[in-house]
Amino acid sequence: MHILSIQSHVAYGHVGNSAAVFPMQRLGVDVWPVLTVQFSNHTGYGAWTGQVFDGAMIESLIRGVEARGVLSRCDGVLSGYAGSAEIGEAVLGAVARVRAANPAALYCCDPVMGDVGRGVFVRPDVPEFMRLRAMPAADILTPNQFELEMLTGRAVGSLAEARAAVRVAHGLGPSVILLTSLQVAETPADAIEMLASGPEGMWRVRTPKLGRYFTGAGDVTAALFFTHYLRTRSVAAALEACASSVHGLLAATAASGDSELQVVQAQEEFVSPSRIFGAEPL
């Protein structure tokens, strides 16, 4: 399996492609990474060095890959942090080129825009681009709770509201949606949930809350869900495998005391999670 992954990159730590590529490779995927930014470290440290790439740079790289005659072998495109609507348009151009070469290829959009407690951390043109341009083009969407509320204009405070907002999101384009970092009125205080929805139904997985924020966790989650969905074409199976692996990774990271995800140290969690969490139909 081959996945084109267009995301940010850091030299130190694990966010964007630096978080997503290795888990996919560990699952046997041949990943073609394209970088939207290259920073020394993620911006949560407060200081960093590096460069934000423009849309022309990304388009040039995609044309170069296309010239190798390999886009017909690409099973899917994964996008994460875009940084600007211009970069987002370059991502959609890449999706169009891949689909022209392989109409069966799927596009998974992780609409990175913000999170509860942190607010919006992208440029003002990005949310509108995600809602009006990326969502209609996406086969799969992987927002967190905060991002789903932004994209749909619907408050998500209960399970019923979450399901309603997911249905609204389906109406804007994606046939499969993974809702991450879900905490609603019905969620126990010591738990966190994921909800996945597709043509065959809607499921929820509940895992123990680990008591801290994990930068890059959403990037790993989108990559794992996309990989498992491409292989199984089952929303429930992809949700179970993804949630189990992510919990194992985050538990290992919490135990390590390190602020960065233990992507390499906990790599067995991607192929053989130490604890399996079953998906509950809704």
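This text walks through a sheet, the helices that pack on it, and one buried glutamate. The model is predicted.

Start with the sheet. Ten strands form an open sheet, and their pairing is mixed. Read across, the order is 3-2-1-4-5-8-9-10-11-12. Strand 3 (50–52) and strand 12 (280–281) are the edges. Each has a single partner strand, so one side of each is left without a neighbour in the sheet. Strands of a sheet pair through backbone hydrogen bonds, and the pairing can be parallel or antiparallel.

Two helices can now be placed against the sheet. Helix 2 (residues 55–67) packs on it and touches strand 1 (2–10) and strand 2 (30–39). The direction of helix 2 makes about 160° with that of strand 2. Helix 8 (residues 235–256) also packs on the sheet. Its contacts are with strand 9, strand 10 (191–198) and strand 11 (201–208). Here the angle is about 15°, taken between the directions of helix 8 and strand 11.

Now look at strand 9, which spans residues 176–182. Strand 9 is mostly covered, with six of its seven residues buried. In the sheet order, strand 9 sits between strand 8 and strand 10. Strand 8 (residues 140–141) runs parallel to strand 9, and two bridges join the pair. Ile140 has Val176 of strand 9 as its bridge partner. Leu141 stands opposite Ile177. On the other side, strand 10 runs antiparallel to strand 9, and four bridges join these two. Ile177 appears here as well, standing opposite Ser197 in strand 10. Ile177 thus faces Leu141 and Ser197.

Strand 10 also holds Glu193. Is this residue buried or exposed? Glu193 has a relative accessible area of 2%. The cut-off for buried is under 20%, so a residue with that value counts as buried.

What do the side chains around Glu193 offer it? Two polar contacts can be traced. One, of 3.0 Å, joins the side chains of Glu193 and Thr187. Another, of 2.6 Å, joins the side chain of Glu193 to that of Arg206. Leaving aside residues up to four places away in sequence, Glu193 touches Leu179, Thr180, Ser181, Leu182, Val184, Thr187, Arg204, Val205 and Arg206. Thr187 and Arg206 are thus among the residues that Glu193 touches.

Technical notes: Residues are numbered from 1 along each chain as its sequence is written. This is a predicted model: local features need pLDDT of at least 70, side-chain atom pairs count only at pLDDT 80 or more; totals for chains, interfaces and linings use all residues. Side-chain values use heavy atoms; hydrogens and water are left out. Two strands pair if DSSP finds at least two bridges between them. Contact means heavy atoms within 4.5 Å. Axes are lines fitted to C-alpha atoms, for helices over the stretch in contact, and angles run from 0 to 180 degrees between N-to-C directions. Buried means under 20% relative accessible area, exposed over 50%, partly exposed in between (1.4 Å probe, protein chains only). A polar contact is a pair of N or O atoms within 3.5 Å; within protein, one must be able to donate a hydrogen and the other to accept it, and residues adjacent in sequence count only if both atoms are side-chain atoms.
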